[in-house]
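Here are a few notes to read alongside the structure. I have kept them in numbered points so that you can follow along on screen.

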Amino acid sequence: MLSLRSVRKSFGDRLVLDGVDLDVERGERVALRGPNGAGKTTLLRCIIGTVTPESGVLAVEGAAAGSRAARLRIGASLAQERSFYLRLTGAENLLFFARLRGASTGEARRQVDSLSEELELAELLPAPAGRCSTGQLQQLAFARALLGDPSVLLLDEPTRSLDEHARERLWAAVARRQDAALVFATHLEDDLRHATTTYDLGAR
Amino acid sequence: MSALLALGRRDFVQARSYRTALAFDLGWGVVNVLVYYFISKVFPQAGGLGKAPSYFAFAFAGILISLVVSSTASDVASKLREEQLTGTLELLVAQPLRSSDIALGAAVFPSVYALVRVALYLAVAVSLLDLSTAHTQWAGVVLMLLLSTGAFLALGIAAAAAVLVLKKVAVVDVAIFAMTFVSGALFPLAVLPGWLRAIGRVMPTEPAFAGMRAALYGGAYAGDAAILAGVGLVGVPISLVLFARALAYAKRRGSISEY
């Protein structure tokens, strides 16, 4: 489902990723581990296509990473606290991204309503994103990653600011998506319980 | 098309959330029009204005086109720089959109809003400030506005591409101000020194000002319209290629997000 071969990326003189090889199958949950600066977020960005590696091959269900076909299959949550239109409500943010992913207005509303119920977001959605706490934005970012039922989920420290109840909801939602492949970066031991595989970027 | 509408609606909802600023912006534009109306009263015998019946009429056409230029050229570049700084540009790039969707989508609301402001200021000028429409060719006015939007959209997208690489919006604003200043927005080119007049004549804004004045006050605008159409038809595809390359550059540099 997700295939990475010899992925290499540096920023200036600093080598961040050096020959990363990784295969992720349907339903697999891969935890990326490593100290700060090990390249976890950079690797996720390379898979999404917002950072281009210097060399290597990355494919999402056969489509080259960064291509429109690959981006359509990926749901991602990166830098959750900063990536919202703060004057728009939570619902308007989600509807906007659902529309960008090709949903009609009615379908976008159905997707948002469904996620609102599943993740218990009803109280968050009417408020401007700028008035949400960091943890609330993280919940909205996770909901946004699930829009359009992507086959690959990429989450960067998905539970960092969540309370216990929200963490449970998040992992329950991931568990319900049995066919989706998940790659997530984390520093939290508790999150590792939900991984089927661990990839340690700091150990290379 | 649905992505463009979604991007335009996003900007509309954001602008609407700043109601006071929106009202102030519209009101300030009317004040700006009034300033030139009263300046014109001070110099009723101003000459060299072509078919414009007064200095106010001359400057008013310049104000309308300058609105379109600043909205399509400057606002698009500013918008994308803001998205780069706040982190939302990365989210847009991560969606299954073409780079052209992102560039054109950023222009939807500024372009429509500019046309709404033009309509408002025209209504104020005609109904309250005695702007003569005896010789106005309304189809020509609409055509000049639309063609100007297309032509300067090319400039805006090219500017956005430059901003993604250079990370400075101020350069674009200064360039656009200089371009409108020397190409006859508020005074005839004839009053400029020869060397500056020569520069003004080759600016893409010059046919927009001349054509709008011709459409408003009676004159031939087809030549100016053809120039603007050419600029838009050639310029927009080129600017979209530049924008795609700038995005690719930012992806290689890892600078899609700059926060």
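In what order do the five strands of the open sheet with parallel pairing lie in chain A? Please keep in mind as you read that this is a predicted model.

1. The parallel sheet. The strand order is S6-S7-S8-S3-S9 in chain A, and the sheet is open, with parallel pairing. S6 (74-77) and S9 (197-200) of chain A stand at the edges; each has a single partner strand, so one side of each lacks a neighbour in the sheet. Direction ignored, neighbouring strands here are turned by 15 degrees against each other on average.

2. A pairing at one edge of that sheet. If you would like a place to zoom in, try S6(A) and S7(A), the latter covering residues 152-156: they run parallel and are joined by four bridges. Within this region, Ala76(A) is opposite Leu154(A) of S7(A).

3. A helix on the parallel sheet. Helix H1 of chain A, residues 40-48, packs on the sheet and touches S3 (29-33), S6, S7 and S8 (181-185) of chain A. The direction of this helix makes about 150 degrees with that of S7(A).

4. The antiparallel sheet. Chain A also has an open sheet of four strands, in the order S2-S1-S4-S5, and here the pairing is antiparallel. Its edge strands are S2 and S5 (63-64) of chain A, each of which pairs on one side only. As a general reminder when you look at side chains, those in a regular strand alternate between the two faces of the sheet.

5. The hairpin. S1 (residues 2-11) and S2 (residues 14-24) of chain A run antiparallel and are joined by eight bridges. One place to look is Lys9(A), which stands opposite Leu17(A) in S2(A). Two residues lie between the strands of this hairpin, and Gly12(A) in the turn has a positive phi of about 65 degrees.

6. The other end of the antiparallel sheet. S4 (residues 55-60) of chain A runs antiparallel to S5(A), with two bridges joining them. Val60(A) has Ala63(A) as its bridge partner in S5(A).

7. Chain A as a whole. Seven helices and nine strands make up the count for chain A. Its radius of gyration is 16 Å, close to the 17 Å that the globule rule gives for 204 residues, so chain A is as compact as a globular protein of that length. The C-alpha trace of chain A spans about 45 × 35 × 35 Å along its principal axes.

8. Where the chains meet. How many residues does each chain bring to the contact? Chain B contributes 23 and chain A contributes 24. On the chain B side, helices H1 (2-17), H4 (88-94) and H10 (222-253) each supply at least two residues, and H1(B) gives the most, with seven. By class, the side of chain B that touches chain A has 10 nonpolar, nine polar and four charged residues.

9. A helix pair in chain B. The axes of H5 (residues 99-128) and H6 (residues 138-166) of chain B come within 10 Å and cross at roughly 140 degrees. The two helices, H5(B) and H6(B), are therefore oblique to each other, and their crossing is right-handed. Residues making the contact include Ala103(B), Ser111(B) and Val118(B) of H5(B), and Leu145(B), Gly156(B) and Ala160(B) of H6(B). The residues of this contact divide into nine nonpolar, three polar and no charged.

How values were computed: Residues are numbered from 1 along each chain as its sequence is written. Chains are lettered from A and ligands numbered from 1 in the order in which they are written. This is a predicted model: local features need pLDDT of at least 70, side-chain atom pairs count only at pLDDT 80 or more; totals for chains, interfaces and linings use all residues. Axes are lines fitted to C-alpha atoms, for helices over the stretch in contact, and angles run from 0 to 180 degrees between N-to-C directions. Angles under 35 degrees count as roughly parallel, over 145 as roughly antiparallel, 65 to 115 as roughly perpendicular and the rest as oblique. A crossing is left-handed if the near helix is turned anticlockwise from the far one by less than a right angle, and right-handed if clockwise. Two residues are in contact if their C-beta atoms, placed from the backbone, lie within 7 Å. Ala, Val, Leu, Ile, Met, Phe, Trp, Tyr, Cys and Pro count as nonpolar, Asp, Glu, Lys and Arg as charged, and the others, Gly among them, as polar. Two strands pair if DSSP finds at least two bridges between them. The radius of gyration is taken over C-alpha atoms; the globule rule is 2.2 Å times the number of residues to the power 0.38.
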